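Let's take a walk through this two-chain model, with an eye on how the chains meet and where charged side chains pair up.

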Amino acid sequence: MIAADSPDRPSGKLMVVDAHGGFRHRQRADLAALFQPGDVVVANDAATLPASLRGTHAPSGDPIEIRLAGWVPAGGKLGMVAGDQRQRSAARRIPPGSVVGRDAGRFIAIAFGQGDHRTPTEDRPPPPALFPGDRIQLGPLVAVVNRLLNHPRLLVLCFLGTRADLLAGLARHGRPIQYAHVPKPLALWDVWTNLAADPVAFEPPSAGFALDWRLLSAWRRRGITLTTLTHAAGISSTGDPTLDRRLPFDEPYTIPPRTAASINRAMAKGGRIVAIGTTVVRALESAAKADGIVKPGSGFASGRIGQASRLRIVDAILTGMHQPGESHFELLRAFADAQDLNRATSEATERGYRAHEFGDVMLIERREQNWVGGCRPTVAVAGAFGSY
Amino acid sequence: MPVNLDKAETVTASSLRGRRIAITGGTSGLGLALVRQLRDQGARVAFVARTAEAVDRTAKQTDAIGITGDVGRKDDIYPLALQITGHLGGLDVLINNASSLGPVPLAPLADTQCEDLERALGVNLLGPFRLTKALMGALAASAREARGALVINISSDAAVNAYPNWGAYSASKAALRHMTAIWNAEAQDDGIRFLAVDPRDMDTPLHAAADPDADPAMLKRPEVSAAEIVDRIVEGLPPSPARLEAVRS
């Protein structure tokens, strides 16, 4: 598939994969006419941090790029990153009073040696050898290596100074994380969706680029509710296959009480839940693990959703064009079987769809066998998202 | 039944407690008075101004969050929005107060340099447009959570009346006033209200630069205008849980 190489030329194609594996090719503007009154669309309103920081590794004097990649749970326990099952359960216990249960000064980070985003991440040289206690000067910010996480590129980093220093330093010196398929340097306005609110994501929840205020207004007129949660989307790719297998890291989310109520009410009445992007699926399915009811509040989404997962909440996902092998593609297998997804990929390639965060989008309805219900009315019939 | 003034004051004071409010031009004049009064009422306040020293001084005096930046510079806008929402964790009220007079001393339009008009439009019109756009997601989130969402754009009677020598400022404020009205109509269904407020002629550094011969005693004190705007904010937001509690008790 061709890579969408610029945020300035938004692609406008929409592929719909229905619950029976049928395809339709539409335009993004047609989203306004999709879905039914009573359906609820859930988007991720996280704004994106300028999480790429260039600087110098003080002990060696060598150049280094740090990409902030995830939050460290408050209390310092790491889940998937450390790969320690005992710590994973601790990581999900969020301290009372904590907004999203994250430590504001510490981050999971990926380190690269010299070069910049124009070199594909898989070809980037390794960082200088890092040891706990090493100082890294990142523009106006100073960070200290807290510890390595079983990989020379993966570390926990602690910033010195106040929270205000950190925010001001990121605002002045940080750049959005970007990859070689977009040559032009990205600005923050390129990576904030229209709904971007709290800056907690490390890469944009990019399916949200498909939503604008005109579309939200059209949905409102048709009785389709837009609601949001905040999910701190982490880094999507490191260029290192062994590290990429550990993605996504545990990611904190917050589901406002009104969002949870809106989803649970819609489900009780037979309305369908549409997730804008993979992060929304992770948060909602994580928050409904116990009994299929979405619980409001904060938590950490852990583990992967994939072929073996049974979805309790989400009926359809709007997502970018992902390809076999990407972790996001694996999540889509919870919605559709591999055969249909592979056919969708071939067809998207033939028809000139564009991949990656500024590319085209696909709407995938969940296949019936991928649903674990019991308490939900059976309304999922062909064309339930109709009008197209 | 006699009015219990003590309770009325408590109700007003607690109604802004915990509200997340951002103000541009927060280190002097009306902006500074707003920062002080909103902090006194328990709001969480982040303010923006151009000069780091003045920002630090005001932050220390008021215990508000000071952010250095220039709303007239396109490249500053998202870094400002990042720091505002990063500090406050969202946003309920945005007050676009920072203003540029254009040419100083004031000049007839025919003597106004294009760059001075551009600066006035950049700070007074494009600045509020860009910052509001960057913060629309946060404001809409606040509205969805029933906290309310309000954008106050500081206007002027020069936005309506044609005063000789005030051309650059007037044109920019007239455009801001109209933009406010249109945005209010468009964002109504998203739960975001937009207000243009004329604080009248005040004894501020901006007014002194525009009219050095004016008698300060004849001008309104910025504290008075700020108090009026605080009232508009209280009116414009749904009651907070704290206020409902106070009313009930």
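What follows covers chain A, then the interface, then the salt bridges.

A quick note on ground rules: this is a predicted model, with local features needing pLDDT of at least 70, side-chain atom pairs counting only at pLDDT 80 or more, and totals for chains, interfaces and linings using all residues. Residues are numbered from 1 along each chain as its sequence is written, chains are lettered from A in the order in which they are written, and side-chain values use heavy atoms, leaving out hydrogens and water.

**Chain A**

Chain A carries nine helices and 19 strands, taken as DSSP runs (H or I of at least four residues for helices, E of at least two for strands, numbered from the N terminus). Of its 388 residues, 57% are buried, meaning under 20% relative accessible area, with exposed being over 50% and partly exposed in between (1.4 Å probe, protein chains only).

**Where A meets B**

Contact here means heavy atoms within 4.5 Å, and it takes in 24 residues from chain A and 22 residues from chain B. In chain A, A:Trp189, A:Trp192 and A:Trp213 lose the most area to chain B, together 28% of what that side buries. The two chains bury about 2,100 Å² between them, with 65% of it on carbon and sulfur atoms; buried area is the accessible area (1.4 Å probe) that two parts lose on being put together, summed over both.

Two salt bridges cross this interface, a salt bridge being a side-chain nitrogen of Lys or Arg within 4 Å of a carboxyl oxygen of Asp or Glu. B:Asp190 and A:Arg220 form such a pair, at 2.5 Å from N to O. On the chain A side, H2(A) gives the largest share of the residues touching chain B, with five.

**Salt bridges**

Over all chains, the count comes to 24 salt bridges. Here are some of them:

| Acidic partner | Basic partner | N to O distance |
|---|---|---|
| A:Glu65 | A:Arg124 | 2.9 Å |
| A:Glu330 | A:Arg333 | 3.7 Å |
| B:Asp92 | B:Arg147 | 2.9 Å |

A:Glu65 sits in strand S7 (residues 62-73) of chain A and A:Arg124 in the loop between strands S8 (102-112) and S9 (135-138), so their pair ties together parts 59 residues apart in sequence. A:Glu65 is buried at 2% relative accessible area, and A:Arg124 is buried at 3%.

In chain B, B:Asp92 is buried at 0% relative accessibility, whereas B:Arg147 is partly exposed at 26%. Back in chain A, salt bridges that share partners join A:Arg54, A:Glu65, A:Arg67 and A:Arg124 into one network.
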